[in-house]
Amino acid sequence: MSIRRMTLGAGYAYLMSSVARADEARGVSGLTAYYAATGTPPGRFLGAGLAGLGQGEGIAPGSPVREEQLWRMLGMLQDSLTGEPLGRAPRPDRTQLIDANGRVRKASKTVAGFDLTFSAPKSVSVAWALADDALREQIHAAHRAAIEDVIAYAERQVFATRTGAGGVVSQDVRGVIAAAFDHWDSRAGDPQLHTHVVVLNRVQAASDGGWRTLDSKALFRATVGLSELYNAVLADRLTADLGWAWEPRTRARSAAPTWEVAGVPKPLTDEFSQRAHQIETATEELVCGFVASHGRRPTTDEVLRLRQQATLSTRPEKERRSLHDLVTGWRVRAEKVAGRGGPEWVAGLSSLGAQTVGIRHAGVGAAAQRTLEAVGSKRSVFNRANVFAEAVRQLHGHRFATANERVAAVEDVTGLVLDAAVRLTPDDGVEHLPPEMIRDDGSSRFRARDGVSFTTTETLAAEEALLDAGRALDGPLVDDVLAQAALAAPLPESGERLGEDQATAVVAVVSCGRALDVLVGAAGTGKSTAMAAVRAAWESVYGAGSVVGLAPSATAADVLADAVGIPTENTTKWLLEHARQPDRQAQLDRLDTRLRYAAPSLRTRALQRTRDRIAAEHRRWSLRPGQLVIVDEASMASTTDLHRITTEARAAHAKVLLVGDPHQVSPVQAGGAFALLVADRTDAPELGVVRRFRHEWERDASLQLRAGRRTSIDTYQQHGRITGGPREEILDRLYAAWKADIDAGRTAVMVAADAATVAELNARARADRIASGAVADSTVVTAAGTRIGVGDLVVTRRNNRDLAVPGGWVKNGDTWTITALGDDGSATLTRPGRSAGEAVTVALPASYVAEHLDLGYASTAHRAQGRTVDTAHAYVTATTAREPLYVMATRGREANQLYVDTTYDPDPGTAHDNLPETDPVAVLRGALANTSADTSALQTLANEASADASPARLDAQGAALLAMARERRAALLVDASFTQHDLRAASTPTRGHL
């Protein structure tokens, strides 16, 4: 399920234009009515809130949506029956405004509703598309029923409104007013059974029946859980109705599997998910035609125009097609790919057997344990919505008889997890609240249902231990006089000299005696040079080999090794090997015993060689007193890993130095520890001079961007660094600029925060290189569906120490060029070595190529962190957060260009037509306000306590309680007045008695 905000009037025309004409489907019900009709069924009303329309007259759920009713909903925020405003009438939208600097901006618009788009899993859509009429009707009915189940659950547990100053009171609602529109296909013309459920941004509070806006924050927080619940309930219904079985399938860029119908072959689902490949193939054909007719290669601008032509030519016609025509085309495509285009094989899916229904009590406990481990490993701090979503995932393999039974099991798991977690938010103090302010579950209405923060006992203990280590002054140190003397000379490896801020920070680090220390540096401030200086100063006292280098990833460890000149490892490998030290010590003890009494012989020599090898490994993975452990890119290291490394270092009386930037991207696991340690000090060493950028203005602007200051966006705009437009247009411009830089001999990178855009940019680059002859047309297709060929730039996505190369092994994040492909799917890769003219070559087996090789022309923000190039070209959307934006905007020395999608849609396959454009500056300012940085549990504990005791919050709560008391008193006076009136009336003779 995806979610879109719908502004006043937007989406109305798109939804109504998709509906079939009534005269084509008159007198018939169900899908049969629309099988031959052009378009889709009319919308139908959903939601318990319909009963409140028309001053209580109401609209029956399931009733068809008329055009006038939809316009009143989305165009006017009015009662669909009477046309009366629902609550406060919206102010007319302004098309533009003048900002503080006198510039014209696009103004924000009133939100009229939210489009919750429920899309069936691809295997379900494929089976639905190829089934016979009766089976297709059953699948469609299950899809509709699952949506109604989820909306009903959301009305009980998710949808809410807020009252009081600042929305201090969270109120339950009587239900929502929604209109559901079924659609059959994606924008690419592939089968995609999906329904747009448009929820009106007006609800009646359960407390007083007043019409108010929805609490959108609560809705967006619950989106993942509602999406998972829809998939699970749909699976339950299809199993019950059709006997289908389900199987988990791994995804290329997600740890969570997707559950698909067992028996629907993957090549068939892949066939109906190939929009990007269709465009690139059509582009290649147009370029070949251009070369044939013009006798030359098209220019970059000409290639872009050809690609736009390919995009239009491969997109299905704008006019709506009948389901009959769509099914006919889908069956032909299926027959070509899988040899099975008819409905017979779909009917046979029921023979695969259904799964056991329900779950035992022990299974609930086991699911709760898995849920807590999963949520705790991914987040330092979590809420009820996070736990609910994970609990649904953990129970996905179980089938339930009804949606209510599934929800009950998920709620049981969620409750067990929250009982075992540590609450960080202060107690609600409900004993001091009136009954009206307490929900049925005993929680306070002064807090949203999912407004309580939790953590795990393990995370809290790890953070407390790290803070203790950061405050401890019993670590090894270098006398500051000796440190300054060591730093007076040029650095051993590079010959560089330190800047004043670097020298000050290095002396502070090595001479303070802290057991756990930090070094903070913004992008481009010279952290690598500072770390090299730390090594030089430390080794001047403790000798060679006294500095150990670690980093969260193998590629970051390589960067650290080059910068500091020491052997480095990734943190996961070091912790794994260090945990084996007791076993190695036991092996050494046994070998020493045998060697003590062994006579000279060939066997004794073999034993001695074994002992020497194990002893070398023991030394390599041990820590000793006086060592310094540098962890680079520490903001991307998980709290658990930092705690384990620090614990081992303290036990060995070694020092740990964490180097990084808390304003850059967080780890994929629970993090926030680095920021916690930095915030715990007033004297944290920090590099303050930005050295990377060629332009002076960009040095200061990058720091302003890092701090989240809105005015920094104006600076980038003034220097021409911001380009806005619809997705297709700006990706064309981004790619063209990147290619021009590459052709000019610059190092350049394309960066996006999401993997889907990275894949699209990679496909564009590859298609262009095939057309130019730089990449061979023959390809290998990976498990993720990516095509790669000789000449392609690729990236290895998994560490494999068995695949050795000179000076190392194949690492996750290494970039290569394919030089040969084997008939079995294997590949030979090459990349430049450390010395000029040197090349490194490796042969990858077919299994590695299929599972762990990807195109490397574009990069995610996570993978780009730590890289420095000449120019960077970054794709930004409304969902981009501050930390990835800062990383993407600071990779290039000469220029960093931001390409802003002003018509962002979360699900392009089901997107509306004519999406309204947003001002690119407003999008970027929104990104600055949207932080994705992990906040530690201890910091959250402090923040929650501070927020709970803030004067503004207490004043708002007091005002809400006073308003309630006044309303109650007024109601009592009214009741008393009516009672007195009744008594007087009863005691007064009527006219007939006089």
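This is a dialogue on reading burial, contacts and helix packing in a predicted model.

Colleague: Before looking at any detail, what does the secondary structure of the chain come to, and what share of its residues is buried?

Modeller: The secondary structure comes to 35 helices and 35 strands, and of the 994 residues in the chain 52% are buried. Among contacts with a separation of 6 or more, 72% join residues 24 or more positions apart, while the exposed surface is about 43800 Å², of which carbon and sulfur atoms supply 51%.

Colleague: Turning to a single residue, is Thr-414 buried or exposed?

Modeller: The cut-off for buried is under 20% relative accessible area, and because Thr-414 has 1% relative accessibility, Thr-414 counts as buried. Thr-414 belongs to helix 15, residues 403-420, and, leaving aside residues up to four places away in sequence, Thr-414 touches Arg-384, Val-387, Phe-388 and Ala-391.

Colleague: How should I read the packing of two helices, and at what angle do helix 19 and helix 20 pack?

Modeller: In general, two packed helices are described by the angle between their axes and the distance between the axes. Here helix 19 (residues 527-542) and helix 20 (residues 554-564) pack at about 60°, with their axes 8 Å apart, and they are therefore oblique to each other. The crossing of helix 19 and helix 20 is right-handed.

Colleague: Which residues in helix 19 meet which residues in helix 20?

Modeller: From helix 19, Ser-528, Met-531, Ala-532 and Arg-535 meet Leu-560, Ala-563 and Val-564 of helix 20, and the residues of this contact divide into 5 nonpolar, 1 polar and 1 charged.

Key:
Residues numbered from 1 in each chain as written. Predicted model: local features only at pLDDT ≥ 70, side-chain atom pairs only at ≥ 80, totals over all residues. Heavy atoms only, no water. Helix = DSSP H or I, 4+ residues; strand = E, 2+ residues; numbered from the N terminus. Buried < 20%, exposed > 50% of the residue type's maximum accessible area, 1.4 Å probe, protein only. Contact = heavy atoms within 4.5 Å. Areas by Shrake-Rupley, 256 points an atom, 1.4 Å probe, with all protein chains shown as cover. Axes fitted to C-alpha atoms, helices over the stretch in contact; angles between N-to-C directions. Parallel < 35°, antiparallel > 145°, perpendicular 65-115°, else oblique. Left-handed = near helix turned anticlockwise from the far one by under 90°. Nonpolar A, V, L, I, M, F, W, Y, C, P; charged D, E, K, R; others polar.
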